[in-house]
Amino acid sequence: MIAITRNDERGLTRIGWLDSRHTFSFGDYYDPERRGFRTLRVINEDRVRPGHGFDTHPHRDMEILSYVLDGALAHEDSMGNGSTIRRGDVQRMSAGTGVLHSEYNPSRDEPTHFLQIWLLPARRGLEPSYEQKHFTDEERRNQLRLVASPTGQDGAVKVHQDVLLYSALLDEGAALEKRLGAGRHAWLQVARGAVLLGHERLAAGDGAAVSEEEALTVRALTPSEILLFDLG
């Protein structure tokens, strides 16, 4: 079974310096039919104007991933971390018992385009923690590269939840197959380009929930970038 959320069905927050598209209910956008999928709670596609960003604010009991598509994102938090996230980087922040953080676009002239992803943690009250890894285009080219997992295997960032997150950069015509274990589910998010998921065409901004399927096949109709979540 495949259920698709189209780009133009997503929620929208536009406040001058920020254009944010919400796959699931977030902030002032609420859709009772779109409150998450399994432990996946947020996929926001954010475009931040130069010199602007998110002021210091709190989070708790959430696994937060930032995946930069273009530009850079400067991060600071109450754990003492300060870093800049660029294209190909995956940042993981476990908010746990509570953390303060801020993100902003440090460029004077280039916008920042990134995906903000939230997952429920396997348990509440974790100690806050932070991690950041870079994944090259070459290791993601026409293959699923593991970028986040519960154990951090193969150089992935570690998330405190039963989820395997893969990234892939697909040349036009390239195809991938991902088998799903018994009782597993998947979410496919198209970050760029256009693909076929089985017989369904998905374009940039589209997402698809996959359940009760043994495997899924993705074929790129144009050069594309995808994220694939394998969820318990």
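## Exercises on three loop residues

The side chain of Ser 211 forms a polar contact with the side chain of His 185 at 2.8 Å, where a polar contact is a pair of N or O atoms within 3.5 Å; within protein, one must be able to donate a hydrogen and the other to accept it, and residues adjacent in sequence count only if both atoms are side-chain atoms. The model is predicted: local features need pLDDT of at least 70, side-chain atom pairs count only at pLDDT 80 or more, and totals for chains, interfaces and linings use all residues. Residues are numbered from 1 along each chain as its sequence is written, and side-chain values use heavy atoms, with hydrogens and water left out.

**Exercise 1.** Locate Ser 211 and classify its accessibility.

*Solution.* Step 1: Ser 211 lies in the loop between strand E20 (207-210) and strand E21 (215-220); strands (E, at least two residues) are DSSP runs, numbered from the N terminus. Step 2: Ser 211 is buried because its relative accessibility is 9% (buried means under 20% relative accessible area, exposed over 50%, partly exposed in between; 1.4 Å probe, protein chains only).

**Exercise 2.** Compare the settings of Arg 38 and Asp 61.

*Solution.* Step 1: Arg 38 belongs to the loop between strand E3 (18-22) and strand E4 (40-48), and Asp 61 to the loop between strand E5 (53-59) and strand E6 (63-70). Step 2: phi is near 55° for Arg 38, a positive value in a residue other than glycine; for Asp 61, also a residue other than glycine, phi is positive, near 50°. Step 3: Arg 38 counts as partly exposed at 42% relative accessibility, whereas Asp 61 counts as buried at 9%.

Notes: Helices (H or I, at least four residues) and strands (E, at least two) are DSSP runs, numbered from the N terminus.
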